[in-house]
Amino acid sequence: MKYLIKKPDTFLNTLNEDINSILQKSFDNLFPEYIFHQELKGMAMPVDVKEYEDSYCVKVELPGINKENINVDINKSYVKIEANKEVEKEEENKKHKYHKSEFRYGSYSRTLYFPYEIDVEKSDADLKKGILELHLPKLHADEKETKKLEIKD
């Protein structure tokens, strides 16, 4: 009979991730006024979402990922961010072994939904020092477009 032996650091990391997931789901259920809905596929990337009177600012941690490997799709009601972090290629003449590796490689994906519509044409994105920053102005109806309705008999 073979036993699965977990190393202490692996066990604690797994336990910590499980506890964080349970707490996150619990807090989301406790506060129904939480209006930003999100979907996670693949590995999750940490985000900060700020709402201002006329815009949203989203910051996404993407360390070590080049802008060529990031895709941002934007709609008037959501933003979908996808990224891919590839395994670094090893040089053939350098032989080594890992003692520890905590880097995560693969596909990252996250979709954020917003309660107010986004002005897609005026939105932009910057990538600096591994932080993707999205500037998403809210879509406001122009006051010039208002129309007086006539009341019929």
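**Close-up views of a predicted one-helix, eight-strand chain**

**View 1. The whole chain, to get your bearings.** This chain has one helix and eight strands, and what you are looking at is a predicted model. Walk along the sequence and you meet the elements in the order α-β-β-β-β-β-β-β-β. The chain runs to 153 residues, and 18% of them are buried. Its accessible surface adds up to about 13300 Å², with carbon and sulfur atoms accounting for 51% of that. Now take the contacts between residues at least 6 apart in sequence: 60% of these bring together residues at least 24 apart.

**View 2. The largest nonpolar core.** Here we zoom in on a group of 17 residues, the largest nonpolar core in the model. Inside this core, the residues with the most contacts are Leu62, Phe114 and Leu136. Strand 3 (55-61), strand 5 (78-85), strand 6 (106-113) and strand 8 each chip in with at least two of the core's residues. As a bit of background, nonpolar side chains in soluble globular proteins tend to be buried together. Pick out leucine 62 and look at what surrounds it: beyond residues up to four places away in sequence, leucine 62 touches Met45, Ile70, Ala83, Gly130 and Leu132.

**View 3. Alanine 83 and the residues it touches.** Alanine 83 belongs to strand 5. Its relative accessibility is 5%, so alanine 83 counts as buried. Setting aside residues up to four places away in sequence, alanine 83 has quite a list of contacts: Leu62, Ile65, Asn69, Ile70, Gly106, Ser107 and Tyr108. One of these, isoleucine 65, is 18 residues from alanine 83 in sequence, with 7.5 Å between the two C-alpha atoms.

**View 4. A buried aromatic pair with a lysine over one ring.** The whole structure holds two aromatic pairs, and this view shows the one made by tyrosine 56 and phenylalanine 114. The two rings are tilted, with 4.6 Å from centre to centre and 40° between their planes. Tyrosine 56 sits in strand 3, while phenylalanine 114 is in the loop between strand 6 and strand 7, so the pair links parts of the chain 58 residues apart. Both of these residues are buried. There's a third player here too: lysine 138 places its charged end over the ring of tyrosine 56, 5.2 Å from the ring's centre.

**View 5. A second tilted pair, between two strands.** Next come tyrosine 78 and tyrosine 113, another tilted aromatic pair. Their ring centres are 5.6 Å apart and their planes differ by 50°. Tyrosine 78 comes from strand 5 and tyrosine 113 from strand 6, with 35 residues separating them along the chain. Tyrosine 78 has a relative accessibility of 27%, so it counts as partly exposed. Tyrosine 113 is partly exposed as well, at 25%.

**View 6. Serine 123 and its polar contact.** Serine 123 lies in the loop between strand 6 and strand 7. At 19% relative accessibility, serine 123 counts as buried because the cut-off is under 20%. A polar atom of the serine 123 side chain is 2.8 Å from the backbone oxygen of aspartate 119. Past its neighbours within four places in sequence, serine 123 is also in contact with Ile74, Ile118, His135, Leu136 and Pro137.

**View 7. Tyrosine 52, in a loop.** Look for tyrosine 52 in the loop between strand 2 (47-51) and strand 3. This residue is partly exposed, with 42% relative accessibility. Leaving out residues up to four places away in sequence, tyrosine 52 touches Cys57 and Lys138. Proline 137 is 85 residues from tyrosine 52 in sequence, yet their C-alpha atoms are 9.1 Å apart in space.

**View 8. Histidine 140, after strand 8.** Histidine 140 is in the segment that follows strand 8 (131-137). Apart from neighbours within four places in sequence, histidine 140 is in contact with Glu53 and Asp54. Its C-alpha atom is 8.1 Å from that of aspartate 119, a residue 21 places away along the chain.

**View 9. Lysine 129 and its positive phi.** Lysine 129 is in the loop between strand 7 (124-128) and strand 8. Most residues other than glycine have a negative phi. Lysine 129, though, has a positive phi, near 50°. Its relative accessible area is 88%, so lysine 129 is exposed.

Terms used. Residues are numbered from 1 along each chain as its sequence is written. This is a predicted model: local features need pLDDT of at least 70, side-chain atom pairs count only at pLDDT 80 or more; totals for chains, interfaces and linings use all residues. Side-chain values use heavy atoms; hydrogens and water are left out. Helices (H or I, at least four residues) and strands (E, at least two) are DSSP runs, numbered from the N terminus. Buried means under 20% relative accessible area, exposed over 50%, partly exposed in between (1.4 Å probe, protein chains only). Contact means heavy atoms within 4.5 Å. Accessible areas come from the Shrake-Rupley method with a 1.4 Å probe; for residues, only the protein chains shown count as cover. A nonpolar core is a set of buried Ala, Val, Leu, Ile, Met, Phe, Trp, Tyr and Cys residues joined through side-chain atoms within 4.5 Å. Rings of Phe, Tyr and Trp (its six-membered ring) pair if their centres lie within 6.5 Å; planes under 30 degrees apart count as stacked, over 60 as edge-to-face and the rest as tilted. A charge sits over a ring if NZ of Lys or CZ of Arg is within 6 Å of the ring centre and within 35 degrees of the ring normal. A polar contact is a pair of N or O atoms within 3.5 Å; within protein, one must be able to donate a hydrogen and the other to accept it, and residues adjacent in sequence count only if both atoms are side-chain atoms.
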